[in-house]
Amino acid sequence: MPRNVHVDKALTNMSVAYMYNKPYVWTQFPSIGNVRETDLYWKWDKEYWGRIEAAKRARGKPAVRAEYKGQTASFICDEWALAHEINERDERDADQVIDLRRQGSEFVTDNVLKAYENMIAGEVFKASTWGTSDVTPGVLWSTPGTADPVGDIDLGKRTVRIASNGTEPNTLICGSEVFDELRVVSQLTDMYKHTVPGPLTQQLVAAALGLERIIICKTVKNTAVEKTTTSYTGAEIWNGKNALLCYLEYSPGPMKPSAFYVFKNRDMRLRRWFEDETENTVVEASIIGTLVRTATDLGYYFSGAVA
């Protein structure tokens, strides 16, 4: 029987690509859509809403008069975009398994989403910007036996509630290392030791801390410069050891505070066109928006919560 009975060729039912396959963190944040690229929003001064002005009124006398004030704050949306060229001759010669237009579209879309996430992470996990910033727990949450995340979170909730005229945090946005410690810390696992074996789920940790939700930040990026000796150096986009305790409003409306919103001028847009001169098909992805810290006093930022 002849030995050369097969000519190697690429498989048509599989290939490998390292696309990010989880929802981006910023998609879990409250958003305001269809805003202009630059605009204003109203902020009513907290001092007037917290001060007690009402007083006893004698019969036949007018009530005490009071007023409140406010001012506008501005925001600017930026566009994040990336394009990719597909040469007509390359597309014609490509193997069956290689769909250059689809892959190019997914490549630029994923990259724009990651760039947007990187910007938002820098705004949310930003030192010295929240009402209470850069708090390191007295006992790190990674300390076996003595860690007290419940007490630290309760202190944060109380601090924010007093500073904001009664609004209490409902969300913990945390790095992956923080959650890895919270799900096994004895103070929390002891609450469920008779009903839940092993590490706690995201929902159980949130319930144990008295919060509506925990958002875990696991997005990664390549920090290596292109065409260098080291082609891939993975790193977390969100600092894994930090966390933001905050109040987020998921039903936005007039006179409702929220630590921040994602302002969206235009959702992800994908375009494609052909350039006659170069014989390239160009695929482009872009998004226009920003993150605005609308009420910094509704944030309590932990820095270095775990070792």
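**Note on the predicted model**

1. Leaving aside neighbours within four places in sequence, Ser 258 is in contact (heavy atoms within 4.5 Å) with Pro 30, Tyr 247, Leu 248, Glu 249, Thr 294, Ala 295 and Leu 298. Ser 258 sits in the loop between β10 and β11 (261–275). With a relative accessible area of 2%, Ser 258 is buried. Buried means under 20% relative accessible area, exposed over 50%, and partly exposed in between, with a 1.4 Å probe and protein chains only. Helices (H or I, at least four residues) and strands (E, at least two) are DSSP runs, numbered from the N terminus.

2. On the basis of this note: the model is predicted, local features need pLDDT of at least 70, side-chain atom pairs count only at pLDDT 80 or more, and totals for chains, interfaces and linings use all residues. Residues are numbered from 1 along each chain as its sequence is written, and side-chain values use heavy atoms, with hydrogens and water left out.

3. On the overall form: the protein chain has seven helices and 13 strands. Its C-alpha trace spans about 110 × 55 × 35 Å along the principal axes. The radius of gyration of the protein chain is 26 Å, whereas a compact globule of 307 residues would have one near 19 Å. That radius is taken over C-alpha atoms, and the globule rule is 2.2 Å times the number of residues to the power 0.38. Buried residues account for 36% of the 307 residues. Of the contacts between residues at least 6 apart in sequence, 76% join residues at least 24 apart.

4. On the sheet: five strands form an open sheet with mixed pairing, in the order β5-β13-β10-β6-β7. Two strands pair if DSSP finds at least two bridges between them. β5 (132–135) and β7 (213–217) are at the edges with a single partner strand each, so one side of each has no neighbour in the sheet. From one strand to the next the twist averages 15°. Axes here are lines fitted to C-alpha atoms, for helices over the stretch in contact, and angles run from 0 to 180 degrees between N-to-C directions.

5. On the pairing at each edge: β5 and β13 (residues 299–302) run parallel and are joined by two bridges. Thr 132 has Tyr 300 as its bridge partner in β13. Helix α4 (residues 149–163) packs on the sheet and touches β5, β6 (171–175), β10 (243–246) and β13, with its direction at about 150° to that of β13. At the other edge, β6 and β7 pair in the parallel sense over five bridges, and the partner of Leu 172 in β7 is Ile 214. Although β7 is an edge strand, four of its five residues are buried, so β7 is largely enclosed by the rest of the structure.

6. On the nonpolar cores: a core is a set of buried Ala, Val, Leu, Ile, Met, Phe, Trp, Tyr and Cys residues joined through side-chain atoms within 4.5 Å. The largest has 63 residues, of which Phe 29, Ile 173, Trp 238 and Phe 260 touch the most other members. Helix α3 (residues 100–124) gives the most to this core, with eight residues. Not counting residues up to four places away in sequence, Trp 238 touches Val 25, Phe 29, Glu 117, Ile 120, Ala 121, Val 124, Phe 125, Ile 173, Cys 217 and Thr 219. Apart from the largest core lies another of nine residues, including Val 35, Cys 77, Phe 263 and Ile 288.

7. On the cysteines: with a disulfide taken as a pair of cysteine sulfur atoms within 2.5 Å, the count is zero. For Cys 217 the nearest cysteine sulfur, that of Cys 174, is 6.5 Å away. The sulfur of Cys 246 has its closest cysteine sulfur in Cys 217, at 10 Å, which is too far for a bond. Cys 217 is buried at 0% relative accessibility, and Cys 246 is also buried at 0%.

8. On helix α7 (residues 202–208): Ala 208 lies in this helix and is buried at 12% relative accessibility. Not counting residues up to four places away in sequence, Ala 208 touches Val 150, Leu 188, Met 191 and Tyr 192. Ala 208 and Met 191 are 17 residues apart in sequence and 7.5 Å apart in space, C-alpha to C-alpha.

9. On backbone angles to check: most residues other than glycine have a negative phi. Asn 165, in the loop between α4 and β6, has a positive phi near 65° and is partly exposed at 45% relative accessibility. Met 255 has a positive phi of about 65°. Met 255 lies in the loop between β10 and β11 and is exposed, with a relative accessible area of 57%.
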